[in-house]
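Subject: A structure for you to look at

Hello,

Here is the structure I promised to pass on to you. Have a look around first, and then read on for what turned up in it.

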Amino acid sequence: MLLPTQPLDRLLGDRTAKAFARHLGLKTVADLLQHFPRRYSSRGELTPINQIPLGESVTVVADILEVRERRMKGKNGSILEVKITDGNGSMSLTFFNQAWRAKGLKPGQRGLFAGKIGSYQGKLQLAHPDYELFPEDISAEDAKRWADLPIPIYPAASSVTTWAVARAMAVVLDTLGEIADELPAEVIKANRLMPLAEAIEKIHRPQQHADWHAARETLKYHEAFVLQATLVKRRLENQHTAATARVAKNGELLSKFDAGLPFKLTKGQVEIGQQLAQDLATAHPMNRLLQGEVGSGKTLVALRAMMLVADAGGQSALLAPTEVLASQHFKSIEKSLLQTLGPEGAKQVGLTLLTGQMPAAERKRALLQIVSGKAQIVVGTHALIADRVEFMDLGLVVIDEQHRFGVEQREALRQKGKLPPHVLTMTATPIPRTLAVTVFGDLDVSTLTELPAGRQPISSHVVQLSQGALVARTWQRIAEEVSQGRQAFVVCSRIDEDDPGIDLIETGGIAEESPEFLDGTDEMAAEFTKKPKPNLASVVSMTQALREISALKGLSIEMLHGRMTTEQKAEVMGRFAAGELDILVSTTVIEVGVDVPNATVMVVLDADRFGISQLHQLRGRIGRGQHAGLCLLLTAAEEGSLALERVAAVANNIDGFALSEIDLELRREGDVLGSTQSGGRSSLKLLSVIGDSKMIQAARVEAEKVLNQDPTLEKHPVLTEVLKQVDQRAQENLAKA
């Protein structure tokens with residue numbers, strides 16, 4: 001929407017404008033007009049005085065019974081007390097040193113009174129409430145109209161109430177000039193939308209409930225269309241961007257690789273491989289999401305794409321979130337290349353590993369291999385993003401477990417190509433932002449639905465720490481599995497007692513304690529609140545505690561975490577994979593990629609500290625062999641809390657895609673056009689990605705039609721200006737990230 005952008009202080013005054021900016025982030029007229037009501041109340045929905053709970057923020061309609069001023073005992077100053085009633089109960093309004101209010105507050109007047117309810121000498125009280133008085137000479141007809149008038153309830157703060165927002169909105173609306181519609185006339189007509197100016201008026205000052213319903217639908221469609229037009233325009237521009245690598249016509253390397261595989265590719269792997277080959281052969285960069293359940297063979301599909309690029313003489317980079325996973329990918333790919341291509345063929349590919357903790361000499365050799373182009377497949381962590389890393393001809397970027405990287409990290413690696421490389425991102429549970437952009441059509445999506453033969457079922461259960469018997473049973477179950485020759489993971493959110501841990505209750509996010517994740521590269525670092533968590537389990541303390549539990553006496557128990565050296569982590573993982581260890585107590589370094597078929601039990605301590613995607617990924621480490629898996633999620637989260645709801649969602653659902661929808665509903669979708677991936681900073685004002693998906697997809701069709709007919713939008717100057725503003729905000733957000 002092309003709305004006025006003048007600062008609020010020009011209309012509301014400096015003090016009010018500063019309060020709006022500080023507490024609500026509203027700085028301009030456009031910001032305020034897009035600060036939409038979160039709901040609408042009618043007089044009958046307001047809280048009766050005799051039902052008011054202490055400590056709650058309430059709004060009541062009441063008549064003033066009595067107004068009196070008294071001096072404070074033992075102190076200078078006065079207290080103005082106003083007694084009000086709604087006919088069912090009464091309460092007091094209290095104002096300290098504000099006797100002047102008595103001129104406006106008179107017995108017999110009626111009004112709206114809002115504030116946080118307290119108690120004084122056993123009686124209900126509102127201290128310094130916000131209030132709105134009604135006209136004294138209101139007629140019966142006007143009174144009825146007033147009684148039916150919807151009351152907008154705005155997102156507010158303790159210092160900026162919903163009534164303050166409503167008053168400011170009235171000032172702005174009364175002085176608002178003409179608002180031009182950015183949507184083409186034919187789109188407005190086809191979708192029966194009201195004029196934009198009318199929608200803005202009616203969503204903020206509805207005369208009846210039908211007004212705001214209709215206005216909301218119009219404004220939702222505006223939001224959907226503008227977002228879709230932005231994405232369609234970007235895609236059209238992308239088609240004119242030259243890609244840096246093409247697929248070789250003969251594809252000899254991939255053919256030899258496929259012929260040497262000891263198993264048959266699934267139907268889905270073949271079909272998606274063909275899709276990727278077509279994308280890689282186009283003249284513009286690919287931007288595709290490969291989603292598939294844990295263990296569905298996504299990495300093999302990506303490796304086959306990298307072989308195609310190597311066939312054409314280009315380079316591919318596989319970005320993994322942790323050093324453990326990067327090393328495992330490297331070893332797995334190395335084994336596959338030797339098995340299928342032989343030593344000479346594998347040498348030709350020049351597989352290279354680059355991580356942040358490599359010895360200096362090995363790192364230097366890796367950098368030379370990459371810059372010379374000899375390394376056609378490079379596997380690495382965030383170290384690949386460093387300025388000193390240069391590629392000869394980067395043709396394909398593969399992002400493994402894309403929910404572990406922010407947009408800015410992915411963009412930094414993409415810019416390593418002399419021309420924009422193709423990009424393939426992979427996930428088992430899309431983060432809310434990814435699910436949102438797939439709904440908006442900004443990503444091509446391929447889905448692997450088949451699981452490898454022999455994949456075993458996993459049962460999941462929530463164990464609340466208050467259930468002492470079930471907690472004890474947790475350790476007995478591990479002992480039972482180990483007695484049958486199997487192994488177990490125990491996951492903690494902290495390394496030791498000095499580790500502050502990361503509070504994920506509100507964000508539903510992810511964490512990684514490795515040095516690579518503590519340097520500011522975590523996709524959600526800005527939203528994590530680091531606080532001491534003295535009651536949270538840690539790897540060090542739990543390793544010792546488990547060794548003391550009678551049911552586990554004599555078992556081989558070791559720890560794994562990100563502060564260990566590369567050699568130490570490799571040694572412990574090697575022993576666990578070889579079956580020499582019974583229980584591995586770990587942080588989330590084992591979240592993705594770790595493959596130990598003999599591990600059948602996963603216990604996650606303080607499960608409410610992890611996000612939905614992360615819990616699902618952790619669970620995917622078990623049930624990979626011939627025996628069924630058991631996942632136990634221990635939590636101290638309270639009944640009815642969002643934290644417990646999130647953990648229960650994982651326990652009750654094994655479908656990663658369904659979980660991503662639940663995650664979206666709980667966290668929202670983040671900044672669809674910018675860099676923010678968590679829901680707390682959603683860029684959507686009214687749209688719900690799940691609830692409004694049909695509208696969003698319909699708007700996509702309309703946006704494509706408009707841009708196909710007029711790619712430069714020469715006939716639509718207002719829409720052109722709006723899209724410029726959208727792109728500018730997205731770039732500003734990306735720069736801030």
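Trp 212 is a good place to begin: in this predicted model, its relative accessible area is 15%, so it counts as buried, the limit being under 20%. Its ring has a partner, because Trp 212 in helix H8 (residues 209–238) and Tyr 40 in strand E1 (residues 39–41) form a pair that ties together parts 172 residues apart in sequence. Tyr 40 is buried too, with a relative accessible area of 7%.

How are the rings of Tyr 40 and Trp 212 arranged? They are stacked, with 4.2 Å from centre to centre and 15 degrees between the planes. Those two values are used because a pair of aromatic rings is described by the distance of the centres and the angle of the planes. The whole structure holds 4 aromatic pairs.

Another of these pairs is made by Phe 95 and Tyr 131, and here the arrangement is edge-to-face: the centres are 6.1 Å apart and the planes are at 80 degrees. Phe 95 belongs to strand E4 (residues 90–96) and Tyr 131 to strand E7 (residues 130–133), so this pair ties together parts that are 36 residues apart in sequence. Phe 95 is buried at 0% relative accessibility, and Tyr 131 is buried at 18%. If you look for Phe 113 as well, you will find that ring pairs link it with Phe 95 and Tyr 131 into a cluster.

Next, the nonpolar cores. In soluble globular proteins, nonpolar side chains tend to be buried together. Here, the largest nonpolar core has 39 residues, and the ones that touch the most other members are Phe 257, Met 307, Leu 337 and Leu 396. Several elements supply at least two residues each, including helix H9 (252–260), helix H12 (323–349) and strand E13 (394–399). Which helix gives the most to this core? That is H11, with 10 residues.

Leu 337 is worth a closer look. Apart from its neighbours within four places in sequence, Leu 337 is in contact with Phe 257, Met 307, Gly 342, Ala 346, Val 349 and Leu 351. A second, separate core has 33 residues, among them Ala 17, Phe 20, Leu 32 and Leu 219.

Back in helix H11 you can find Ala 305, which is buried with a relative accessible area of 4%. With neighbours within four places in sequence left aside, the contacts of Ala 305 are Leu 276, Leu 280 and Leu 396. Between Ala 305 and Leu 254 there are 8.6 Å in space, C-alpha to C-alpha, although they are 51 residues apart in sequence.

Further along the chain, strand E18 (residues 557–560) pairs with strand E19 (residues 583–586) in the parallel sense, over 4 bridges. One bridge to pick out joins Ile 557 to its partner in E19, Ile 583. Together with helix H18 (residues 566–577), E18 and E19 make a right-handed β-α-β unit.

Last comes Thr 474, which sits in helix H16 (residues 468–483). Is Thr 474 buried or exposed? Its relative accessible area is 1%, so Thr 474 is buried. Beyond its neighbours within four places in sequence, Thr 474 is in contact with Val 463, Val 603, Leu 632 and Leu 634.

Enjoy exploring!

Best wishes

How values were computed. Residues numbered from 1 in each chain as written. Predicted model: local features only at pLDDT ≥ 70, side-chain atom pairs only at ≥ 80, totals over all residues. Heavy atoms only, no water. Buried < 20%, exposed > 50% of the residue type's maximum accessible area, 1.4 Å probe, protein only. Contact = heavy atoms within 4.5 Å. Phe/Tyr/Trp six-rings, centres within 6.5 Å; stacked < 30°, edge-to-face > 60°. Pairing = 2+ DSSP bridges. Right-handed = clockwise from strand over helix to strand, strands pointing away. Core = buried A, V, L, I, M, F, W, Y, C linked by side-chain atoms within 4.5 Å.
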